[in-house]
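New to this one? Take a look at the sequence and the structure, then use the briefing underneath to find your way around.

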Amino acid sequence: MAKRGKIQEIADACGVNQATVRRALSAANLSAGRGGYDFEKAVKTVEAHADPARIAGHASSGRGEGGNGDVKTFSDIRAVSEGHRARKLELDNLKAEGRLIDRETVTETGISIIAAARTALLSLGHRTAAKVAGKTDIAEIARLIETEVRDVLGVLADDDKFLAALEAEVLS
């Protein structure tokens, strides 16, 4: 036996108000039997009869129940839009304060830092060659190379130089 439903149950299932259900059922010449309407048939009739645009229009003006859950009201859409505007303003303020840096700028700066480190490390051979030429003491050669490596790494690890380079790249 088919499930029976009352006007309110059908309205809840369709996301419309009771008046819309009554109009749809009346237009389809459906009458309530014992225990109410044939639920599935009534729901299909209401969904076929109810105009989603009209339901959304009534909901946005406060005269309806809003239709099924996927129809957004004007006030819902406006609230989302205002949220996006507020987020954009927040990001603009962070950028103006210097607390937010463009991703491309950071990426380019990182690439240039890596390139500078690579170049500095690759130059160690040429920098140390003249100093170790003719030396036979392994400990002295190791000390000279280590000193050069420390000098190169010290320049690369200098916070002030790094931040100055970063700011020069970002603000230019």
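**Quick tour**

Of the 172 residues in the protein, 21% are buried (under 20% relative accessible area with a 1.4 Å probe, protein chains only). Keep in mind that this is a predicted model, where local features need pLDDT of at least 70, side-chain atom pairs count only at pLDDT 80 or more, and totals for chains, interfaces and linings use all residues. Residues are numbered from 1 along each chain as its sequence is written, and side-chain values use heavy atoms, with hydrogens and water left out.

**Overall layout**
- The protein has nine helices and two strands, taken as DSSP runs (H or I of at least four residues for helices, E of at least two for strands) numbered from the N terminus.
- Starting at the N terminus, the order is β-α-α-β-α-α-α-α-α-α-α.

**Where H2 meets H3**
- Helix H2 (residues 18-27) packs against helix H3 (residues 39-49) at an angle of about 100°, and their axes (lines fitted to C-alpha atoms over the stretch in contact, with angles from 0 to 180 degrees between N-to-C directions) are 9 Å apart.
- That makes H2 roughly perpendicular (65 to 115 degrees) to H3.

**The core**
- The largest nonpolar core (buried Ala, Val, Leu, Ile, Met, Phe, Trp, Tyr and Cys residues joined through side-chain atoms within 4.5 Å) has 14 residues.
- Ile 10, Cys 14, Val 16, Val 21, Leu 25, Tyr 37 and Val 46 touch the most other members.
- Helix H1 (7-14), H2 and H3 each supply at least two residues of this core.

Methods
Angles under 35 degrees count as roughly parallel, over 145 as roughly antiparallel, 65 to 115 as roughly perpendicular and the rest as oblique. Buried means under 20% relative accessible area, exposed over 50%, partly exposed in between (1.4 Å probe, protein chains only).
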